[in-house]
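Please find below a colleague's note on the fold of this chain. It is set out as numbered points for review.

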Amino acid sequence: MGLQVTDHGRGIRVVAVTGEIDVVTAPDLADCLTTQLAGSQVVVVDLDGVRFLGSAGVAALFEANELATREGRDLQLVSHSRTANLALTVTGLGTCFTFANSVPDALDHVL
C-alpha cells in the first residue's frame, strides 16, 4: 500500500491511497488518517488507486470517519475503484461516508 499526503493549505489535506489495504496495511492507513485529522479540518481520501480493500481497511476508514465526526472535522472519500466501492457496498458502510466525484470537486467545496 502506498500513502501520499498533499497539503492544500488552510487545514486541508489529501491522502492518496494506492495498492492493497488488508490486515497488514490497514493499521498504517489508520495511523495516517488519525494524524491528518489531528492537524486538519478537512481530509480527502483518494481511493482511486486501490486494488484491494479488505474488511480491516473498511474498518480503518470507518473509524477515521467516526473520529472526524466526533472532532467536528470533515472526511471525504473519492473512489472510482471498483474494488473499493464493492467492499464499501457489501459491508453496508458506503452510506456512512461523504463522497466527492473527484479530488478537485472535494477541494472546490471547501476552498
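The points that follow treat the sheet, the helices and the nonpolar cores in turn.

1. The model is predicted. Its 5 strands form an open sheet in the order β1-β2-β3-β4-β5, and the pairing is mixed. At the edges stand β1 and β5 (98-99), each with a single partner strand, so one side of each is left without a neighbour in the sheet.

2. The antiparallel part of the description concerns β1 (residues 2-7) and β2 (residues 12-21), which pair over 6 bridges. These two strands form a hairpin with 4 residues between them. Within the turn, Gly9 has a positive phi of about 70°. Asp7 stands opposite Arg13 in β2.

3. On the parallel side, β2 is joined to β3 (residues 42-53) by 9 bridges. In this pairing Ile12 stands opposite Val42 of β3. The connection is made through helix α1 (residues 26-39): β2, α1 and β3 make a right-handed β-α-β unit.

4. At the other end of the strand order, β4 and β5 run parallel and are joined by 2 bridges. The bridge partner of Leu77 is Phe99, which lies in β5.

5. Two helices should be considered together with the sheet. Helix α1 packs on the sheet and touches β1, β2 and β3, its direction making about 175° with that of β2. Helix α2 also packs on the sheet, where it touches β2, β3 and β4; the direction of α2 makes about 170° with that of β3.

6. Which residues have the most contacts inside the largest nonpolar core? They are Val17, Ile21, Leu33, Val45, Leu47, Leu53 and Leu61, in a core of 25 residues. The elements giving two or more residues to this core are β2, α1, β3, α2 (55-71), β4 (74-78) and α3 (82-90). Of these, α2 gives the most, with 6 residues.

7. Val17 merits a closer look as one of the residues with the most contacts inside the largest core. Leaving aside neighbours within four places in sequence, Val17 is in contact with Met1, Gly2, Leu3, Leu29, Val45, Asp46, Leu47, Gly49 and Val50. Val45 and Leu47, both in that list, are themselves among the residues with the most contacts inside the core.

8. A second core, separate from the largest one, has 9 residues, including Ile12, Val14, Val78 and Val103. Ile12 thus appears twice in this note: in the second core, and opposite Val42 in the pairing with β3.

Methods
Residues are numbered from 1 along each chain as its sequence is written. This is a predicted model: local features need pLDDT of at least 70, side-chain atom pairs count only at pLDDT 80 or more; totals for chains, interfaces and linings use all residues. Side-chain values use heavy atoms; hydrogens and water are left out. Two strands pair if DSSP finds at least two bridges between them. A crossover is right-handed if, with the strands pointing away from the viewer, the path from the first strand over the helix to the second runs clockwise. A nonpolar core is a set of buried Ala, Val, Leu, Ile, Met, Phe, Trp, Tyr and Cys residues joined through side-chain atoms within 4.5 Å. Buried means under 20% relative accessible area, exposed over 50%, partly exposed in between (1.4 Å probe, protein chains only). Contact means heavy atoms within 4.5 Å. Axes are lines fitted to C-alpha atoms, for helices over the stretch in contact, and angles run from 0 to 180 degrees between N-to-C directions.
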